Amino acid sequence: THEEAMRDSIVSVLMSPKFCYRIDPSVSSKSERAALSPYALASRLSYFLWRSMPDDELLAAAESGKLREPVAFRAQVKRMLDDPKSVALADDFAGQWLELRNLDTMKPDPDRFLYWGPELRAAMKTETRMFFDYILRNNRPLSEFLNARYTFLNERLANFYGIEGVKEPE
């Protein structure tokens, strides 16, 4: 299914050598890669998806050695993505990829951008995080980042975009 393909893509990235192996910068040969310990892999996975330490189930998978098995690894990634803590992935990844953190330092001309202010800035960040999270959790096609005909907005943001009919502050 489409959902399985999307999860497989995420798992492929997480199982890549650049994610699963530690490269010693003093060694230039690709053959000198050292596999992460099961606990380091669990920690890297947990902090990437949850921005938090591994839970007991992930640590048990590391301890048993099952975390290195592709089927078990996929199952752990799926479980972790299904957990509400994975909203950290949307916050961090979208924040870096789309440079949302730069909104905090932007100071548009107040004479030209009358709507600009802390509320609009917060609404823009929330919209982007919710949009990214929706695409990830609902396994939407990546093309929807460019051509989606929906978004997540409140009344202030709708007014800024010129979208009529939104009358809610949340």
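Biologist: Where do helix H6 and helix H7 stand to each other in this model?

Modeller: The model is predicted. In it, the axes of H6 (residues 87-97) and H7 (residues 118-137) come within 9 Å. They cross at roughly 120°.

Biologist: What makes H6 oblique to H7?

Modeller: Take the angle, roughly 120°. Roughly perpendicular covers 65 to 115, and roughly antiparallel needs over 145. The angle of H6 and H7 fits neither class, so H6 is oblique to H7.

Biologist: Which hand does the crossing of H6 and H7 have?

Modeller: H6 passes H7 in a right-handed crossing.

Biologist: Which residues make the contact?

Modeller: From H6 come Val 87, Leu 89, Ala 90, Asp 91, Phe 93, Ala 94 and Trp 97. From H7 come Arg 129, Phe 132, Asp 133, Leu 136 and Arg 137. They divide into 8 nonpolar, no polar and 4 charged.

Biologist: Why is Asp 133 called buried?

Modeller: Asp 133 has a relative accessibility of 13%. Buried means under 20%. The value falls under that cut-off, so Asp 133 counts as buried.

Biologist: What does Asp 133 touch, leaving aside its neighbours within four places in sequence?

Modeller: Asp 133 is in contact with Val 87 and Ala 90. Both of these residues belong to the H6 part of the contact with H7.

Biologist: Thr 128 is in H7 too. How do you know whether Thr 128 is buried or exposed?

Modeller: Apply the cut-off again. Thr 128 has a relative accessible area of 19%. Buried means under 20%, so Thr 128 is buried. Leaving aside its neighbours within four places in sequence, Thr 128 is in contact with Leu 98 and Leu 100.

Biologist: Now to another pair. How do the axes of H3 and H4 cross?

Modeller: H3 spans residues 38-50 and H4 spans residues 56-64. Their axes come within 8 Å and cross at roughly 150°.

Biologist: Why are H3 and H4 called roughly antiparallel?

Modeller: The label needs an angle over 145 degrees. The crossing is at roughly 150°. H3 and H4 are therefore roughly antiparallel to each other. Their crossing is right-handed.

Biologist: Which residues of H3 and H4 meet?

Modeller: H3 brings Pro 38, Tyr 39, Ala 42, Leu 45 and Ser 46. H4 brings Leu 58, Leu 59, Ala 62 and Glu 63. The residues of this contact divide into 7 nonpolar, 1 polar and 1 charged.

Biologist: Ala 60 is in H4 as well. What makes Ala 60 partly exposed?

Modeller: Its relative accessibility is 42%. Buried means under 20%, and exposed means over 50%. The value lies in between, so Ala 60 counts as partly exposed.

Biologist: How many residues separate Ala 60 and Tyr 39 along the chain, and what is the distance between their C-alpha atoms?

Modeller: Ala 60 and Tyr 39 are 21 residues apart along the chain. Their C-alpha atoms are separated by 9.5 Å.

Biologist: Step back to the chain. What is its secondary structure?

Modeller: It comes to 9 helices and 2 strands. From the N terminus on, the elements run α-α-β-β-α-α-α-α-α-α-α.

Biologist: What share of the chain is buried?

Modeller: Buried residues make up 31% of the 170 residues. The accessible surface of the chain comes to about 11100 Å². Of that surface, 55% belongs to carbon and sulfur atoms.

Biologist: Which share of the contacts between residues at least 6 apart in sequence joins residues at least 24 apart?

Modeller: That share is 54% in this chain.

How values were computed: Residues are numbered from 1 along each chain as its sequence is written. This is a predicted model: local features need pLDDT of at least 70, side-chain atom pairs count only at pLDDT 80 or more; totals for chains, interfaces and linings use all residues. Side-chain values use heavy atoms; hydrogens and water are left out. Axes are lines fitted to C-alpha atoms, for helices over the stretch in contact, and angles run from 0 to 180 degrees between N-to-C directions. Helices (H or I, at least four residues) and strands (E, at least two) are DSSP runs, numbered from the N terminus. Angles under 35 degrees count as roughly parallel, over 145 as roughly antiparallel, 65 to 115 as roughly perpendicular and the rest as oblique. A crossing is left-handed if the near helix is turned anticlockwise from the far one by less than a right angle, and right-handed if clockwise. Contact means heavy atoms within 4.5 Å. Ala, Val, Leu, Ile, Met, Phe, Trp, Tyr, Cys and Pro count as nonpolar, Asp, Glu, Lys and Arg as charged, and the others, Gly among them, as polar. Buried means under 20% relative accessible area, exposed over 50%, partly exposed in between (1.4 Å probe, protein chains only). Accessible areas come from the Shrake-Rupley method with a 1.4 Å probe; for residues, only the protein chains shown count as cover.
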